[in-house]
Amino acid sequence: MLSLARGEEGALATLRERHQRWVQTLIGQFFRDPDLVEDLTQDTFLRVYQARERYRPRARFRTWLRRVVVNLCLNEQHREQTRERWRGPGLEAREVAELAETAPPLEARLLRREGGAELAAAVRALPPRQREVLLLRHGEGWSYAQIGERLGCTEAAVDSLLRRATGALRERLEPPAL
């Protein structure tokens, strides 16, 4: 991993050769669909590559890699559960996938409120990073530090994204001034 961070050619291929089968086995404990196992394996090594500059060898590489794999699998399970909750008469697969991109606990609370459907639609219309920060903070109760770690940004950047998201929601939902 340190070689990858230094930009050495072939380092990612070496990591993949050494750990791919182990990663697939671990993902296989969560899912039986071979196509999904392959997709999540690819996502795992994409995440490894994306984290190359932030990686700090505080523990064994496999310990860190296990956390990456488990997080991906848990996120996928969450998406599957969300798709099932939203699946219903009249919903197309595309609509279900779009709804699955938002945090269902917050959206469900919004939909129960008066005007909640409009607010839920406004949340879905936010840019992806703003929506994710808003939903992680208010839907899941994550701290700025946790959100920053997940998105690979500073707490100040999380604060900025959250402020822009809430500003955009206010703008979209407040009635125009006469």
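In the predicted model, Asp159 is partly exposed, its relative accessible area being 22%. The side chain of Asp159 engages that of Arg163 in a salt bridge with an N-to-O distance of 2.8 Å. Both residues belong to helix H10, which spans residues 155-173, and their spacing of four residues separates them by about one helical turn. The two partners fall into separate accessibility classes: Arg163, at a relative accessible area of 58%, is exposed, whereas Asp159, at 22%, is partly exposed. Because buried status requires a value under 20%, the figure of 22% places Asp159 in the partly exposed class.

The pair in H10 belongs to a set of three salt bridges in the model. A further member of this set joins Arg16 to Glu38, with the closest N and O atoms 3.8 Å apart. Since the criterion admits a side-chain nitrogen of Lys or Arg within 4 Å of a carboxyl oxygen of Asp or Glu, the separation of 3.8 Å qualifies. Arg16 is located in helix H2 (residues 11-28) and Glu38 in helix H3 (residues 34-50), so this interaction ties together parts of the chain lying 22 residues apart in sequence. Both ends of the bridge are partly exposed, with relative accessible areas of 24% for Arg16 and 27% for Glu38.

The remaining bridge is formed by the side chains of Arg150 and Glu132, at an N-to-O distance of 3.2 Å. Here Arg150 is contributed by helix H9 (residues 144-151) and Glu132 by helix H8 (residues 128-139), so the pair ties together parts 18 residues apart in sequence. Arg150 is partly exposed at 38% relative accessibility, and Glu132 is likewise partly exposed, at 26%.

The two helices joined by this bridge were examined further as a packed pair. The axes of H8 and H9 come within 10 Å of each other and cross at roughly 145°, and the crossing is right-handed. On the H8 side, the contact is made by Arg129, Glu132, Val133, Leu136 and Arg137; on the H9 side, by Tyr144, Ile147, Arg150 and Leu151. The salt-bridged residues Glu132 and Arg150 are thus both among the residues that make the helix contact.

Within H8, the buried residues are Gln130, Arg131, Val133, Leu134, Leu135, Leu136 and Gly139. Val133 and Leu136, listed among these buried positions, also take part in the contact with H9. Arg131, a further residue of H8, has a relative accessibility of 14% and counts as buried. A polar atom of the Arg131 side chain lies 3.2 Å from the backbone oxygen of Leu126. Just after H8, Gly141 adopts a positive phi of about 75°.

Attention then turns to helix H3, which holds Glu38 of the bridge to H2. Thr41, also found in H3, is buried, with a relative accessible area of 0%. The side chain of Thr41 reaches the backbone oxygen of Val37 at a distance of 2.7 Å. When residues up to four places away in sequence are set aside, Thr41 touches Arg16, Gln20, Val23, Gln24 and Ile27. Arg16 therefore appears in two settings, as the salt-bridge partner of Glu38 and as one of the residues touched by Thr41. Leu46, placed in the H3 helix as well, is partly exposed at 44% relative accessibility. The C-alpha atoms of Leu46 and Leu12 are separated by 9.4 Å, although these residues stand 34 positions apart along the chain.

At the level of the whole chain, the model contains ten helices and zero strands, the elements running α-α-α-α-α-α-α-α-α-α from the N terminus. Of the 178 residues, 33% count as buried. Among contacts with a sequence separation of 6 or more, 55% join residues 24 or more positions apart. The accessible surface amounts to about 11,500 Å², with carbon and sulfur atoms accounting for 48% of this area.

Methods:
Residues numbered from 1 in each chain as written. Predicted model: local features only at pLDDT ≥ 70, side-chain atom pairs only at ≥ 80, totals over all residues. Heavy atoms only, no water. Buried < 20%, exposed > 50% of the residue type's maximum accessible area, 1.4 Å probe, protein only. Contact = heavy atoms within 4.5 Å. Areas by Shrake-Rupley, 256 points an atom, 1.4 Å probe, with all protein chains shown as cover. Polar contact = N/O pair within 3.5 Å; in protein donor to acceptor, adjacent residues only side chain to side chain. Axes fitted to C-alpha atoms, helices over the stretch in contact; angles between N-to-C directions. Left-handed = near helix turned anticlockwise from the far one by under 90°.
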